[in-house]
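Reader: I would like a close look at a single part of this structure, with the cut-offs behind each term spelled out. Please take one helix and follow what packs against it.

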Amino acid sequence: MKRCNQKLVWLTCMAVASAAACTTPAQGQARPFSGSDVQTIYQRLLGQINQIPVFDNHGHPGFPDDSDVDAMTISPDSALPFRLRENNPEMAGAAKALFGYPYNDLSPDHLRWLVQRKAEEKKRLGNSYFSHVLDLVGIETAVANRVAMSDYLPATRFRWVFFVDSFLFPFDNRQLASRNPDQKLNLPLQEKILRRNIVRAHFEQLPADLSGYLSFITRILEENQKAGGVGIKFEIAYFRSLHFDDPSQQRATAIYTKYHAGGVPSAEEYRDFQNFIFRYLLREAGQLHLPVQIHTAVGGGDYFSLQDGNVLNLENVLRDPRYENVTFILLHGGFPYERQAIWLAAKKNVYLDSSLMGIFLYPDEFKKSLRVWLETFPNKIVFGSDAFPLGDAIGAEENYWLATQSASVALTEALAEMVSAGEVNEDQALHMAHAYLHDTASHLYGSVH
Ligand SMILES: [Zn+2]
């Protein structure tokens, strides 16, 4: 009964607070349609929104020949959505804005001009080449989700989030790899990263028991944090379901003991072991104050399972009070389930990132997703580019441009409609824009800015 009364008081307070905050232009209930003033409001907001220095929550900056750009890859013959193809005509606009590309098409001859121009810029700018790209697109700080960092991505502008999936694959992976060509392509890459970490820890092979393996994981996390790592990232949705049960340490110990030196675990044994390690990594990330990024959208490659990768599979973990000290950032907003995903952000330690969505979708469609998010939990959403090199000519540079341009247009469009419909006033709209484009993500990583 007491709780009910408190809830009633809270609801009344909310109503009073929002009525007071929305003095202009709303008078009472919001209107069902945007008014004829929406374009004027859009123009007014756009100038101010374009001035906001952007914090990019997620991307893979690097040159196309840099194998540390990502921990995995997609088969060159897998289907890419239209806008991500190298012949997307918008890329000519991006190259024009960034490099003075003098052509309107992307013919092989003209792309050779672009490759040449980039090589000259690289020579001229040295290690500040990518910082210069950030300057041109208006990004102040960019999270670099990479296997390892590089000298050409200075810590003043780029912050490192490192991959941890490889810890989930310490056994014989032949059975897993045989499931489809994408697994066959990517599991050896996970094994390579795990081996790299084993060498870093000065081990010849995997530790003899589970407690040794867990200490090894913690040690690598701590070392990466000391080397500048500000968060961890899971791409595990490419490999298995995002639903993680909670097996006992005893069960994980038995599986590790049985298979660490050889032998092929059953699918059930491997899954249980991964469930345990996933949760161990969350606990450690919480202890070390490393935010946890999880890929939660449809993924590249022809075998990505939409059902297994559905963001809602994570709900038991996200709403588990034991992980309240873990900051979860759901990359790509669970797309194409982003409208359901926003309700996961009700949990105070769960955030949604819009990277990739803003490249998959054209601004007019992206606007609709952003508007739902802004109308639900505007302080729990962050901008991300997911910039990555598409090929030798069209690279992370053009993707940075496309992602920031799309986001500012879509965001401004969504906010202008909300202002016009009397949902928020312009001050509130700008506050939301600052939160989404910069402030919220910047706080998550303890940014110096
Ligand atoms: Zn990514």
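Author: What follows is an account of helix α15 and its surroundings, after a short view of the whole chain.

This is a predicted model, in which local features need pLDDT of at least 70 and side-chain atom pairs count only at pLDDT 80 or more, while totals for chains, interfaces and linings use all residues. Residues are numbered from 1 along each chain as its sequence is written.

The protein chain has 16 helices and eight strands, where helices (H or I, at least four residues) and strands (E, at least two) are DSSP runs numbered from the N terminus. Its C-alpha trace spans about 75 × 70 × 40 Å along the principal axes. The radius of gyration of the protein chain is 23 Å, which agrees with the value near 22 Å for a compact globule of 449 residues; this radius is taken over C-alpha atoms, and the globule rule is 2.2 Å times the number of residues to the power 0.38. Of the 449 residues, 44% count as buried, a residue being buried if 20 or more other C-beta atoms lie within 10 Å of its own, exposed if 12 or fewer, and partly exposed in between, with C-beta atoms placed from the backbone.

Helix α15 covers residues 396–420, and helix α2 (residues 38–49) packs with α15 at an angle of about 135 degrees, with their axes 8 Å apart. Axes here are lines fitted to C-alpha atoms, for helices over the stretch in contact, and angles run from 0 to 180 degrees between N-to-C directions. The two helices α2 and α15 are therefore oblique to each other, since angles under 35 degrees count as roughly parallel, over 145 as roughly antiparallel, 65 to 115 as roughly perpendicular and the rest as oblique. The crossing of α2 and α15 is right-handed; a crossing has that name if the near helix is turned clockwise from the far one by less than a right angle, and is left-handed if anticlockwise. On the α2 side the contact includes Val38, Ile41 and Tyr42, and on the α15 side the residues include Ser408, Leu411 and Leu415, two residues being in contact if their C-beta atoms, placed from the backbone, lie within 7 Å. By class, the contact of α2 with α15 has ten nonpolar, three polar and two charged residues, with Ala, Val, Leu, Ile, Met, Phe, Trp, Tyr, Cys and Pro counted as nonpolar, Asp, Glu, Lys and Arg as charged, and the others, Gly among them, as polar.

The other pairing concerns helix α16 (residues 426–444), which packs with α15 at an angle of about 155 degrees, with axes 10 Å apart. Helices α15 and α16 are therefore roughly antiparallel to each other, and their crossing is right-handed. Leu411, Leu415, Met418 and Val419 of α15 make this contact with Glu426, Ala429, Met432, Ala433 and Tyr436 of α16. The classes in the contact of α15 with α16 are eight nonpolar, no polar and one charged residues.

Within α15 lies alanine 407, which is buried, with 26 other C-beta atoms within 10 Å. Not counting residues up to four places away in sequence, alanine 407 touches Gly358 and Phe383. Alanine 407 and tyrosine 362, 45 residues apart in sequence, are 9.6 Å apart in space, C-alpha to C-alpha.

Aspartate 386 is placed in the loop between β8 (381–382) and α15. Its phi is near 60 degrees, a positive value in a residue other than glycine, and aspartate 386 is buried, with 26 other C-beta atoms within 10 Å.
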